[in-house]
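Subject: The structure we talked about

Hi there,

Here is the structure I promised to send over. Have a look at it first, and then read on for what turned up in it.

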Amino acid sequence: MLRRHIATPLAVVLLAGVLAGGAATAEPTTDPALSQLVQRLDSILADARLNGSFAATVVRDAQTGETLYNRMGDKRLLPASNTKLLTSTAAMEILGPDYRFTTDVLSPGTRAGSVLLGDVYLRGNGDPTSLAADYDKLAADIAASGVKVVTGDLVADDTYFDDVRLGTGWAADDEYSYYSQQASALTIAPDTDYDNGNVVVTVSPGAAAGDKPVVTVTPPTDYVRIVNNGTTVASGGTDTLGVSREHGNNDIVIDGNIPVGGSDTVEWIAVWEPTGLAASVFRSALKAHGITVLGRTRLGVATPASASVLAAHQSMTLAELMVPFLKLSNNGHAEALTKAIGQKVAGKGTWSAGLAAIKSFVVSQGMDGATFRQSDGSGLTRWDMIPAYELTDLLIAVRSKPWYTAWYNALPIAGNADRFTGGTLRSRMRNTAAANNVHAKTGSLTGVSALSGYVTTADGRQLVFSVIENNYLASTVKPIEDSIAVALASWNSTATAAARLAPSTVAPSSSDDDAPADLECSWLKPVLC
(Lines give C-alpha, C1' and ligand atoms only; values in the text may rest on other atoms or scores of the structure.)
Protein backbone atom coordinates (compact mmCIF):
# COMPACT_ATOMS: atom_id res chain seq x y z
CA MET A 1 0.00 0.00 0.00
CA LEU A 2 1.39 3.39 -0.96
CA ARG A 3 2.05 5.73 1.93
CA ARG A 4 1.76 9.50 2.03
CA HIS A 5 5.44 10.25 1.50
CA ILE A 6 5.88 8.16 -1.64
CA ALA A 7 5.59 10.07 -4.91
CA THR A 8 4.44 8.18 -8.02
CA PRO A 9 3.42 9.40 -11.50
CA LEU A 10 -0.26 9.27 -10.46
CA ALA A 11 0.20 10.66 -6.96
CA VAL A 12 -0.34 14.29 -6.12
CA VAL A 13 1.02 15.28 -2.74
CA LEU A 14 0.26 18.82 -1.63
CA LEU A 15 2.66 20.32 0.84
CA ALA A 16 1.21 19.96 4.34
CA GLY A 17 0.95 22.80 6.76
CA VAL A 18 -0.76 25.38 4.54
CA LEU A 19 -3.97 27.07 5.59
CA ALA A 20 -7.06 26.33 3.56
CA GLY A 21 -7.58 29.02 0.98
CA GLY A 22 -3.85 29.79 0.79
CA ALA A 23 -1.32 28.82 -1.83
CA ALA A 24 -0.30 25.17 -2.11
CA THR A 25 2.52 23.54 -3.98
CA ALA A 26 1.97 20.21 -5.72
CA GLU A 27 4.18 17.82 -7.64
CA PRO A 28 2.94 17.80 -11.24
CA THR A 29 1.22 14.71 -12.59
CA THR A 30 1.75 13.26 -16.06
CA ASP A 31 -1.84 12.01 -16.18
CA PRO A 32 -4.18 14.63 -17.71
CA ALA A 33 -7.32 13.07 -16.24
CA LEU A 34 -5.90 13.20 -12.73
CA SER A 35 -4.62 16.71 -13.32
CA GLN A 36 -8.15 17.79 -14.18
CA LEU A 37 -9.50 16.21 -10.99
CA VAL A 38 -6.80 17.87 -8.91
CA GLN A 39 -7.66 21.25 -10.37
CA ARG A 40 -11.34 20.70 -9.54
CA LEU A 41 -10.58 19.75 -5.94
CA ASP A 42 -8.16 22.66 -5.55
CA SER A 43 -10.87 24.99 -6.79
CA ILE A 44 -13.45 23.61 -4.35
CA LEU A 45 -11.05 23.94 -1.42
CA ALA A 46 -10.31 27.55 -2.34
CA ASP A 47 -13.78 28.43 -1.00
CA ALA A 48 -13.67 31.61 1.11
CA ARG A 49 -15.56 29.83 3.92
CA LEU A 50 -12.34 27.94 4.65
CA ASN A 51 -10.15 31.04 4.92
CA GLY A 52 -8.04 30.81 8.08
CA SER A 53 -9.13 27.24 8.77
CA PHE A 54 -7.62 23.82 8.22
CA ALA A 55 -9.14 21.57 5.56
CA ALA A 56 -7.50 18.19 5.05
CA THR A 57 -8.55 16.19 2.01
CA VAL A 58 -7.25 12.79 0.93
CA VAL A 59 -8.43 10.70 -2.04
CA ARG A 60 -7.06 7.23 -2.77
CA ASP A 61 -7.81 4.24 -4.94
CA ALA A 62 -9.72 1.77 -2.77
CA GLN A 63 -8.15 -1.31 -4.34
CA THR A 64 -4.50 -0.31 -4.81
CA GLY A 65 -4.20 2.29 -2.06
CA GLU A 66 -2.70 4.73 -4.54
CA THR A 67 -2.85 8.34 -3.40
CA LEU A 68 -4.61 10.57 -5.93
CA TYR A 69 -4.92 13.71 -3.85
CA ASN A 70 -3.41 14.66 -0.50
CA ARG A 71 -3.89 18.04 1.10
CA MET A 72 -2.75 18.20 4.72
CA GLY A 73 -3.50 14.50 5.09
CA ASP A 74 -0.86 14.01 7.78
CA LYS A 75 -2.17 16.77 10.07
CA ARG A 76 -3.96 15.73 13.25
CA LEU A 77 -7.41 17.30 13.26
CA LEU A 78 -10.58 16.89 15.31
CA PRO A 79 -12.60 14.19 13.50
CA ALA A 80 -15.90 14.52 15.43
CA SER A 81 -18.10 11.50 14.62
CA ASN A 82 -15.61 10.18 12.07
CA THR A 83 -14.14 8.63 15.23
CA LYS A 84 -16.96 6.10 14.94
CA LEU A 85 -15.18 4.57 11.93
CA LEU A 86 -12.56 3.25 14.35
CA THR A 87 -15.02 2.14 17.00
CA SER A 88 -17.45 0.43 14.63
CA THR A 89 -14.86 -1.53 12.66
CA ALA A 90 -13.10 -2.65 15.84
CA ALA A 91 -16.44 -3.77 17.28
CA MET A 92 -17.24 -5.83 14.19
CA GLU A 93 -13.82 -7.47 14.35
CA ILE A 94 -13.45 -7.99 18.11
CA LEU A 95 -17.04 -8.63 19.22
CA GLY A 96 -18.13 -10.10 15.88
CA PRO A 97 -21.18 -9.35 13.72
CA ASP A 98 -23.27 -11.98 15.57
CA TYR A 99 -22.56 -10.51 19.02
CA ARG A 100 -25.63 -9.78 21.14
CA PHE A 101 -25.99 -7.81 24.36
CA THR A 102 -27.91 -9.53 27.14
CA THR A 103 -30.13 -8.36 29.98
CA ASP A 104 -31.28 -10.93 32.50
CA VAL A 105 -33.07 -11.28 35.80
CA LEU A 106 -31.61 -13.56 38.45
CA SER A 107 -32.06 -14.46 42.10
CA PRO A 108 -30.02 -16.36 44.68
CA GLY A 109 -33.23 -16.87 46.66
CA THR A 110 -35.57 -19.81 46.97
CA ARG A 111 -39.22 -20.30 46.05
CA ALA A 112 -42.02 -20.93 48.49
CA GLY A 113 -45.02 -21.29 46.23
CA SER A 114 -45.64 -17.89 44.65
CA VAL A 115 -43.16 -16.17 46.97
CA LEU A 116 -39.52 -15.62 46.00
CA LEU A 117 -37.51 -15.48 49.20
CA GLY A 118 -34.58 -13.13 48.60
CA ASP A 119 -33.44 -10.38 46.28
CA VAL A 120 -33.99 -10.19 42.54
CA TYR A 121 -31.18 -8.87 40.32
CA LEU A 122 -31.61 -7.03 37.03
CA ARG A 123 -28.26 -7.50 35.28
CA GLY A 124 -27.10 -5.78 32.11
CA ASN A 125 -24.02 -5.96 29.96
CA GLY A 126 -24.46 -2.69 28.10
CA ASP A 127 -27.40 -3.20 25.74
CA PRO A 128 -28.19 0.26 24.32
CA THR A 129 -31.28 -1.08 22.50
CA SER A 130 -33.35 -2.24 25.48
CA LEU A 131 -36.87 -0.78 25.38
CA ALA A 132 -39.65 -0.58 27.96
CA ALA A 133 -41.30 -3.45 26.06
CA ASP A 134 -38.24 -5.62 26.68
CA TYR A 135 -38.34 -4.96 30.42
CA ASP A 136 -42.07 -5.66 30.35
CA LYS A 137 -41.41 -9.02 28.67
CA LEU A 138 -38.88 -9.91 31.39
CA ALA A 139 -41.49 -9.11 34.03
CA ALA A 140 -44.15 -11.07 32.15
CA ASP A 141 -41.90 -14.13 31.98
CA ILE A 142 -41.30 -14.01 35.73
CA ALA A 143 -45.01 -13.65 36.39
CA ALA A 144 -45.71 -16.59 34.09
CA SER A 145 -43.44 -18.72 36.28
CA GLY A 146 -45.83 -18.11 39.18
CA VAL A 147 -43.94 -15.50 41.22
CA LYS A 148 -46.22 -12.96 42.89
CA VAL A 149 -44.09 -11.63 45.74
CA VAL A 150 -40.37 -10.88 46.09
CA THR A 151 -39.42 -10.54 49.75
CA GLY A 152 -36.09 -8.86 49.12
CA ASP A 153 -34.81 -5.91 47.12
CA LEU A 154 -34.71 -5.15 43.43
CA VAL A 155 -30.99 -4.83 42.70
CA ALA A 156 -29.72 -3.24 39.50
CA ASP A 157 -26.43 -4.84 38.46
CA ASP A 158 -24.53 -2.53 36.09
CA THR A 159 -21.08 -3.77 37.13
CA TYR A 160 -20.21 -5.17 33.70
CA PHE A 161 -19.02 -1.62 32.99
CA ASP A 162 -17.29 0.70 35.43
CA ASP A 163 -19.14 3.60 37.06
CA VAL A 164 -17.52 6.38 34.99
CA ARG A 165 -20.53 7.84 33.24
CA LEU A 166 -19.18 10.72 31.14
CA GLY A 167 -16.32 10.66 28.66
CA THR A 168 -13.08 12.58 28.87
CA GLY A 169 -13.47 16.19 27.77
CA TRP A 170 -17.21 16.09 27.19
CA ALA A 171 -18.70 19.57 27.53
CA ALA A 172 -20.58 20.26 30.76
CA ASP A 173 -23.27 22.22 28.93
CA ASP A 174 -24.06 19.10 26.86
CA GLU A 175 -24.85 16.95 29.91
CA TYR A 176 -28.62 16.79 29.46
CA SER A 177 -28.46 16.70 25.65
CA TYR A 178 -29.57 13.36 24.27
CA TYR A 179 -26.32 12.80 22.34
CA SER A 180 -24.31 13.12 25.58
CA GLN A 181 -26.05 10.30 27.45
CA GLN A 182 -24.27 8.64 30.35
CA ALA A 183 -22.63 5.27 29.74
CA SER A 184 -24.01 2.42 31.85
CA ALA A 185 -24.17 -1.35 31.49
CA LEU A 186 -27.86 -1.17 32.40
CA THR A 187 -29.89 1.34 30.45
CA ILE A 188 -33.09 1.85 28.48
CA ALA A 189 -34.03 3.60 25.25
CA PRO A 190 -37.31 5.52 24.79
CA ASP A 191 -37.59 4.89 21.05
CA THR A 192 -36.59 2.61 18.19
CA ASP A 193 -33.72 4.90 17.26
CA TYR A 194 -32.38 3.39 20.51
CA ASP A 195 -31.37 6.64 22.18
CA ASN A 196 -30.40 4.88 25.38
CA GLY A 197 -30.19 6.76 28.65
CA ASN A 198 -32.85 9.27 27.59
CA VAL A 199 -36.46 10.09 28.21
CA VAL A 200 -38.63 11.89 25.67
CA VAL A 201 -40.39 14.90 27.17
CA THR A 202 -43.44 16.17 25.27
CA VAL A 203 -44.90 19.52 26.28
CA SER A 204 -48.34 20.46 24.94
CA PRO A 205 -50.23 23.74 25.43
CA GLY A 206 -52.95 23.90 28.06
CA ALA A 207 -56.55 24.40 27.08
CA ALA A 208 -56.60 28.11 27.90
CA ALA A 209 -54.22 31.00 28.46
CA GLY A 210 -52.84 30.88 31.97
CA ASP A 211 -52.97 27.08 32.20
CA LYS A 212 -49.86 25.07 32.88
CA PRO A 213 -48.57 23.21 29.82
CA VAL A 214 -49.30 19.48 29.76
CA VAL A 215 -46.17 17.34 30.12
CA THR A 216 -45.77 13.64 29.30
CA VAL A 217 -42.64 11.50 29.64
CA THR A 218 -41.67 8.44 27.58
CA PRO A 219 -41.17 5.85 28.91
CA PRO A 220 -43.64 6.67 31.69
CA THR A 221 -41.65 6.91 34.92
CA ASP A 222 -41.44 8.75 38.20
CA TYR A 223 -37.64 8.48 38.07
CA VAL A 224 -37.58 12.03 36.71
CA ARG A 225 -39.35 14.96 38.40
CA ILE A 226 -41.06 17.55 36.24
CA VAL A 227 -40.65 21.15 37.40
CA ASN A 228 -43.29 22.88 35.32
CA ASN A 229 -42.59 26.61 35.24
CA GLY A 230 -44.12 26.99 31.79
CA THR A 231 -47.15 29.05 30.88
CA THR A 232 -49.80 28.67 28.21
CA VAL A 233 -50.37 32.03 26.50
CA ALA A 234 -53.05 33.23 24.10
CA SER A 235 -53.23 31.80 20.60
CA GLY A 236 -50.75 33.51 18.30
CA GLY A 237 -48.35 34.34 21.11
CA THR A 238 -44.62 33.71 20.87
CA ASP A 239 -43.45 30.20 21.67
CA THR A 240 -40.44 30.47 24.00
CA LEU A 241 -40.76 27.08 25.68
CA GLY A 242 -37.59 25.30 26.74
CA VAL A 243 -36.82 21.95 28.39
CA SER A 244 -33.65 21.20 30.34
CA ARG A 245 -32.35 19.04 33.20
CA GLU A 246 -30.55 20.29 36.27
CA HIS A 247 -26.99 19.12 36.87
CA GLY A 248 -26.61 16.18 39.23
CA ASN A 249 -30.27 15.19 39.48
CA ASN A 250 -33.31 14.32 37.41
CA ASP A 251 -35.31 17.50 37.83
CA ILE A 252 -36.51 18.34 34.33
CA VAL A 253 -37.40 22.01 34.12
CA ILE A 254 -40.03 23.44 31.79
CA ASP A 255 -39.63 27.18 31.21
CA GLY A 256 -41.18 29.77 28.91
CA ASN A 257 -44.44 30.20 27.03
CA ILE A 258 -46.41 28.01 24.66
CA PRO A 259 -49.45 29.42 22.82
CA VAL A 260 -52.92 27.86 22.87
CA GLY A 261 -53.22 25.63 19.81
CA GLY A 262 -49.48 25.73 19.23
CA SER A 263 -47.26 22.81 18.30
CA ASP A 264 -45.94 20.44 20.94
CA THR A 265 -42.35 20.86 22.09
CA VAL A 266 -40.58 17.48 22.10
CA GLU A 267 -37.15 17.05 23.65
CA TRP A 268 -34.93 14.03 24.24
CA ILE A 269 -33.31 14.52 27.67
CA ALA A 270 -30.39 12.45 28.94
CA VAL A 271 -31.04 11.34 32.51
CA TRP A 272 -28.69 11.41 35.45
CA GLU A 273 -27.77 7.78 36.21
CA PRO A 274 -29.49 5.63 33.56
CA THR A 275 -29.16 2.50 35.71
CA GLY A 276 -31.81 3.93 38.00
CA LEU A 277 -34.12 4.67 35.08
CA ALA A 278 -33.92 1.07 33.85
CA ALA A 279 -34.56 -0.25 37.36
CA SER A 280 -37.53 2.09 37.82
CA VAL A 281 -39.15 1.00 34.55
CA PHE A 282 -38.56 -2.67 35.37
CA ARG A 283 -40.03 -2.30 38.86
CA SER A 284 -43.13 -0.70 37.35
CA ALA A 285 -43.36 -3.59 34.87
CA LEU A 286 -43.21 -6.12 37.71
CA LYS A 287 -46.04 -4.30 39.47
CA ALA A 288 -48.09 -4.19 36.26
CA HIS A 289 -47.77 -7.98 36.02
CA GLY A 290 -48.93 -8.52 39.58
CA ILE A 291 -45.53 -8.95 41.23
CA THR A 292 -44.90 -7.09 44.49
CA VAL A 293 -41.32 -6.34 45.50
CA LEU A 294 -41.29 -5.78 49.25
CA GLY A 295 -37.77 -4.36 49.43
CA ARG A 296 -36.21 -1.20 48.05
CA THR A 297 -34.31 -0.61 44.82
CA ARG A 298 -30.52 -0.71 45.02
CA LEU A 299 -28.06 0.20 42.27
CA GLY A 300 -24.59 -0.95 41.29
CA VAL A 301 -24.34 -4.27 43.14
CA ALA A 302 -22.92 -7.37 41.47
CA THR A 303 -25.10 -10.45 41.13
CA PRO A 304 -23.99 -13.36 43.36
CA ALA A 305 -22.45 -16.28 41.52
CA SER A 306 -25.06 -18.57 43.08
CA ALA A 307 -27.98 -16.71 41.45
CA SER A 308 -30.21 -18.55 39.00
CA VAL A 309 -31.65 -17.01 35.85
CA LEU A 310 -35.38 -16.22 36.02
CA ALA A 311 -35.73 -14.49 32.65
CA ALA A 312 -33.42 -13.24 29.91
CA HIS A 313 -33.44 -10.91 26.90
CA GLN A 314 -31.02 -10.70 23.99
CA SER A 315 -30.49 -7.69 21.75
CA MET A 316 -30.35 -7.65 17.99
CA THR A 317 -27.04 -8.75 16.48
CA LEU A 318 -24.17 -6.29 16.24
CA ALA A 319 -24.45 -6.35 12.44
CA GLU A 320 -28.07 -5.20 12.80
CA LEU A 321 -27.13 -2.62 15.45
CA MET A 322 -24.65 -1.06 13.02
CA VAL A 323 -27.61 0.43 11.10
CA PRO A 324 -29.05 2.73 13.80
CA PHE A 325 -25.54 3.28 15.18
CA LEU A 326 -23.93 4.54 11.99
CA LYS A 327 -26.93 5.82 10.04
CA LEU A 328 -28.00 8.10 12.91
CA SER A 329 -24.53 8.58 14.44
CA ASN A 330 -25.60 7.40 17.89
CA ASN A 331 -23.03 8.37 20.51
CA GLY A 332 -24.48 6.09 23.18
CA HIS A 333 -23.98 3.04 20.96
CA ALA A 334 -20.34 4.00 20.39
CA GLU A 335 -19.55 4.23 24.09
CA ALA A 336 -21.39 1.00 24.95
CA LEU A 337 -19.42 -0.81 22.27
CA THR A 338 -16.14 0.69 23.48
CA LYS A 339 -16.67 -0.59 27.01
CA ALA A 340 -17.95 -3.96 25.75
CA ILE A 341 -14.77 -4.28 23.71
CA GLY A 342 -12.76 -3.56 26.86
CA GLN A 343 -14.55 -6.37 28.68
CA LYS A 344 -14.03 -8.80 25.81
CA VAL A 345 -10.30 -8.11 25.44
CA ALA A 346 -9.15 -7.16 28.93
CA GLY A 347 -11.97 -8.14 31.27
CA LYS A 348 -12.56 -4.48 32.10
CA GLY A 349 -15.59 -2.51 30.99
CA THR A 350 -13.72 0.78 30.92
CA TRP A 351 -12.97 3.42 28.32
CA SER A 352 -9.22 2.89 28.74
CA ALA A 353 -9.42 -0.86 28.11
CA GLY A 354 -11.79 -0.47 25.18
CA LEU A 355 -9.81 2.31 23.53
CA ALA A 356 -6.58 0.33 23.88
CA ALA A 357 -8.20 -2.62 22.10
CA ILE A 358 -9.63 -0.39 19.37
CA LYS A 359 -6.21 1.15 18.79
CA SER A 360 -4.58 -2.26 18.59
CA PHE A 361 -7.06 -3.31 15.92
CA VAL A 362 -6.84 -0.21 13.74
CA VAL A 363 -3.03 -0.24 13.94
CA SER A 364 -3.12 -3.85 12.73
CA GLN A 365 -5.08 -2.51 9.74
CA GLY A 366 -2.39 -0.02 8.77
CA MET A 367 -3.12 3.08 10.84
CA ASP A 368 0.01 4.59 12.39
CA GLY A 369 -0.52 4.51 16.14
CA ALA A 370 1.97 7.33 16.69
CA THR A 371 -0.07 9.79 14.64
CA PHE A 372 -3.51 9.81 16.28
CA ARG A 373 -5.29 9.94 19.62
CA GLN A 374 -8.72 8.51 20.41
CA SER A 375 -10.22 9.45 23.78
CA ASP A 376 -13.81 8.22 23.44
CA GLY A 377 -15.82 5.95 21.18
CA SER A 378 -18.07 8.53 19.56
CA GLY A 379 -16.00 11.62 18.77
CA LEU A 380 -17.90 13.88 21.17
CA THR A 381 -14.70 14.90 22.92
CA ARG A 382 -12.30 17.46 21.49
CA TRP A 383 -9.42 15.31 22.72
CA ASP A 384 -9.72 13.06 19.65
CA MET A 385 -7.18 13.89 16.93
CA ILE A 386 -6.85 11.83 13.74
CA PRO A 387 -5.14 12.62 10.41
CA ALA A 388 -7.33 12.20 7.33
CA TYR A 389 -4.76 9.93 5.69
CA GLU A 390 -4.97 7.46 8.58
CA LEU A 391 -8.74 7.22 8.12
CA THR A 392 -8.24 6.28 4.48
CA ASP A 393 -5.79 3.57 5.57
CA LEU A 394 -8.55 2.04 7.67
CA LEU A 395 -11.20 2.42 4.97
CA ILE A 396 -9.01 0.57 2.49
CA ALA A 397 -7.95 -2.21 4.87
CA VAL A 398 -11.40 -3.26 6.10
CA ARG A 399 -12.63 -3.97 2.57
CA SER A 400 -11.14 -7.45 2.94
CA LYS A 401 -13.03 -8.28 6.14
CA PRO A 402 -15.83 -10.85 6.03
CA TRP A 403 -18.15 -8.38 7.79
CA TYR A 404 -17.31 -5.50 5.45
CA THR A 405 -20.49 -5.63 3.36
CA ALA A 406 -22.79 -5.35 6.38
CA TRP A 407 -20.68 -2.51 7.79
CA TYR A 408 -20.42 -0.68 4.45
CA ASN A 409 -24.19 -0.84 3.97
CA ALA A 410 -24.70 0.57 7.48
CA LEU A 411 -22.86 3.78 6.57
CA PRO A 412 -25.09 6.74 5.62
CA ILE A 413 -25.84 6.81 1.88
CA ALA A 414 -25.94 10.18 0.16
CA GLY A 415 -29.26 11.53 -1.05
CA ASN A 416 -31.43 8.59 0.00
CA ALA A 417 -34.45 10.03 1.82
CA ASP A 418 -35.14 6.93 3.91
CA ARG A 419 -33.88 7.58 7.45
CA PHE A 420 -32.41 4.12 7.90
CA THR A 421 -30.74 4.17 4.49
CA GLY A 422 -29.59 7.74 3.98
CA GLY A 423 -29.15 8.45 7.67
CA THR A 424 -27.24 11.67 8.30
CA LEU A 425 -26.66 12.05 4.54
CA ARG A 426 -30.30 11.63 3.56
CA SER A 427 -30.83 15.29 2.60
CA ARG A 428 -27.38 15.85 1.10
CA MET A 429 -26.20 15.46 -2.52
CA ARG A 430 -29.67 14.63 -3.82
CA ASN A 431 -30.02 14.50 -7.62
CA THR A 432 -26.27 14.32 -8.19
CA ALA A 433 -23.82 11.62 -9.24
CA ALA A 434 -23.11 11.02 -5.54
CA ALA A 435 -26.72 10.15 -4.67
CA ASN A 436 -27.12 6.46 -3.72
CA ASN A 437 -23.41 6.16 -4.47
CA VAL A 438 -21.44 7.73 -1.61
CA HIS A 439 -21.33 5.65 1.58
CA ALA A 440 -19.68 7.82 4.21
CA LYS A 441 -19.58 8.81 7.86
CA THR A 442 -20.45 12.37 8.75
CA GLY A 443 -19.04 14.33 11.67
CA SER A 444 -19.95 17.60 13.35
CA LEU A 445 -18.89 19.73 16.27
CA THR A 446 -18.92 23.50 16.46
CA GLY A 447 -16.19 24.57 14.04
CA VAL A 448 -15.57 20.95 13.03
CA SER A 449 -16.97 19.01 10.10
CA ALA A 450 -15.91 15.78 8.44
CA LEU A 451 -16.96 13.31 5.78
CA SER A 452 -15.05 10.10 5.12
CA GLY A 453 -16.01 7.03 3.15
CA TYR A 454 -16.38 5.47 -0.29
CA VAL A 455 -17.42 6.70 -3.72
CA THR A 456 -17.60 5.04 -7.13
CA THR A 457 -16.44 7.16 -10.07
CA ALA A 458 -18.25 7.52 -13.40
CA ASP A 459 -16.05 4.78 -14.86
CA GLY A 460 -16.68 2.35 -12.00
CA ARG A 461 -13.52 2.88 -9.97
CA GLN A 462 -14.01 2.77 -6.20
CA LEU A 463 -12.21 5.48 -4.23
CA VAL A 464 -11.88 6.19 -0.55
CA PHE A 465 -11.80 9.77 0.66
CA SER A 466 -11.57 11.75 3.85
CA VAL A 467 -12.35 15.45 4.29
CA ILE A 468 -11.87 17.06 7.72
CA GLU A 469 -12.30 20.79 8.35
CA ASN A 470 -11.39 22.49 11.63
CA ASN A 471 -11.49 26.05 12.96
CA TYR A 472 -13.80 27.56 10.38
CA LEU A 473 -16.13 30.41 11.28
CA ALA A 474 -18.76 29.89 8.58
CA SER A 475 -22.18 28.56 9.55
CA THR A 476 -21.49 25.43 7.51
CA VAL A 477 -18.86 23.88 5.26
CA LYS A 478 -20.82 20.76 4.45
CA PRO A 479 -21.59 21.95 0.89
CA ILE A 480 -17.83 21.95 0.32
CA GLU A 481 -17.64 18.31 1.40
CA ASP A 482 -20.58 17.53 -0.85
CA SER A 483 -18.94 19.24 -3.81
CA ILE A 484 -15.83 17.14 -3.30
CA ALA A 485 -17.85 13.92 -3.13
CA VAL A 486 -19.85 14.84 -6.24
CA ALA A 487 -16.66 15.72 -8.13
CA LEU A 488 -15.26 12.28 -7.30
CA ALA A 489 -18.49 10.54 -8.28
CA SER A 490 -18.50 12.47 -11.60
CA TRP A 491 -14.85 11.79 -12.47
CA ASN A 492 -14.13 9.53 -15.44
CA SER A 493 -10.45 8.70 -15.68
CA THR A 494 -10.84 6.81 -18.97
CA ALA A 495 -13.10 9.11 -21.00
CA THR A 496 -12.04 11.69 -23.52
CA ALA A 497 -10.59 14.92 -22.16
CA ALA A 498 -13.85 16.80 -22.64
CA ALA A 499 -15.87 14.26 -20.68
CA ARG A 500 -13.50 13.25 -17.91
CA LEU A 501 -15.12 15.39 -15.27
CA ALA A 502 -18.82 16.06 -15.48
CA PRO A 503 -20.24 19.20 -13.89
CA SER A 504 -20.42 18.72 -10.12
CA THR A 505 -23.11 21.07 -9.03
CA VAL A 506 -24.69 20.12 -5.72
CA ALA A 507 -28.47 20.01 -5.49
CA PRO A 508 -29.99 22.37 -2.92
CA SER A 509 -30.49 20.81 0.48
CA SER A 510 -34.01 19.81 1.41
CA SER A 511 -35.97 21.61 4.08
CA ASP A 512 -34.67 19.01 6.54
CA ASP A 513 -31.55 21.12 6.75
CA ASP A 514 -33.26 24.35 7.80
CA ALA A 515 -31.49 24.27 11.14
CA PRO A 516 -28.12 25.43 12.52
CA ALA A 517 -25.93 24.29 9.66
CA ASP A 518 -22.84 23.26 11.59
CA LEU A 519 -24.78 20.47 13.33
CA GLU A 520 -25.52 17.20 11.60
CA CYS A 521 -28.89 15.48 11.63
CA SER A 522 -28.16 13.45 14.74
CA TRP A 523 -27.57 16.59 16.85
CA LEU A 524 -31.06 17.97 16.35
CA LYS A 525 -33.29 14.93 16.52
CA PRO A 526 -36.70 16.65 16.86
CA VAL A 527 -35.97 18.83 13.84
CA LEU A 528 -33.95 16.64 11.53
CA CYS A 529 -34.08 13.00 12.56
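Before the tour, one definition will help with the helices: an axis here is a line fitted to C-alpha atoms, for helices over the stretch in contact, and angles run from 0 to 180 degrees between N-to-C directions. Please keep in mind that this is a predicted model.

Let me begin with a pair of helices, since the definition is fresh. The axes of helix α2 (residues 84–94) and helix α7 (residues 351–364) come within 9 Å and cross at roughly 85°. Angles of 65 to 115 degrees count as roughly perpendicular, so α2 is roughly perpendicular to α7. On the α2 side, the contact is made by L86, T87, T89, A90, E93 and I94. From α7, the residues taking part are A357, I358, F361 and V362.

Now for the overall picture. The protein chain has 12 helices and 24 strands. It counts 529 residues, and 58% of them are buried. Among contacts with a separation of 6 or more, 72% are between residues 24 or more positions apart. The exposed surface comes to about 19100 Å², with carbon and sulfur atoms supplying 52% of it.

Next, the sheets. One open sheet is made of 5 strands in the order β2-β1-β24-β23-β22, with antiparallel pairing. Its edge strands are β2 (67–71) and β22, each of which pairs on one side only. Neighbouring strands in this sheet are turned against each other by 5° on average, direction ignored.

Within that sheet, strand β1 (residues 54–61) pairs with strand β24 (residues 462–470) over 8 bridges, in the antiparallel sense. If you want to find this pairing on screen, look for D61, whose bridge partner in β24 is L463. Helix α11 packs on the sheet and touches β1, β22, β23 (448–456) and β24. The direction of α11 makes about 15° with that of β23.

On its other pairing, β1 runs antiparallel to β2, and 4 bridges join the two. Here R60 has T67 of β2 as its bridge partner. The hairpin of β1 and β2 has 5 residues between the strands, and in it G65 takes a positive phi near 80°. How much of the edge strand β2 is buried? The count is 5 of its 5 residues, so to speak a mostly covered strand.

A second open sheet has 3 strands in the order β12-β15-β14, and its pairing is mixed. The edges are β12 (225–228) and β14 (242–245), each pairing on one side only. Neighbouring strands of this sheet are turned by 20° against each other on average, direction ignored. β14 and strand β15 (residues 251–255) run antiparallel and are joined by 4 bridges. One place to see this is V243, which has I254 of β15 as its bridge partner.

Finally, the charged pairs, which may be what you look at first. The structure holds 15 salt bridges, and these are some of them:

- D119 and R298 meet through their side chains at 3.1 Å, N to O. D119 is in the loop between β6 (115–117) and β7 (120–124), while R298 is in strand β19 (residues 297–299), so the pair links distant parts of the chain, 179 residues apart. Together with D153, these two residues are linked in a network of salt bridges.
- E273 forms a salt bridge with R165, and the closest N and O atoms are 3.1 Å apart. E273 sits in the loop between β17 (265–270) and α4 (274–288), and R165 in the loop between β9 (154–157) and β10 (198–204), 108 residues apart. E273 counts as buried because its relative accessible area is 19%, and R165 is buried as well, at 11%.
- D482 forms a salt bridge with R428, with the closest N and O atoms 2.7 Å apart. D482 lies in helix α11 (residues 478–490) and R428 in the loop between α10 (419–422) and β22 (439–445), so the pair ties together parts that are 54 residues apart in sequence. Both D482 and R428 are buried.

Happy browsing, and all the best!

Notes: Residues are numbered from 1 along each chain as its sequence is written. This is a predicted model: local features need pLDDT of at least 70, side-chain atom pairs count only at pLDDT 80 or more; totals for chains, interfaces and linings use all residues. Side-chain values use heavy atoms; hydrogens and water are left out. A salt bridge is a side-chain nitrogen of Lys or Arg within 4 Å of a carboxyl oxygen of Asp or Glu. Buried means under 20% relative accessible area, exposed over 50%, partly exposed in between (1.4 Å probe, protein chains only). Contact means heavy atoms within 4.5 Å. Accessible areas come from the Shrake-Rupley method with a 1.4 Å probe; for residues, only the protein chains shown count as cover. Two strands pair if DSSP finds at least two bridges between them. Angles under 35 degrees count as roughly parallel, over 145 as roughly antiparallel, 65 to 115 as roughly perpendicular and the rest as oblique.
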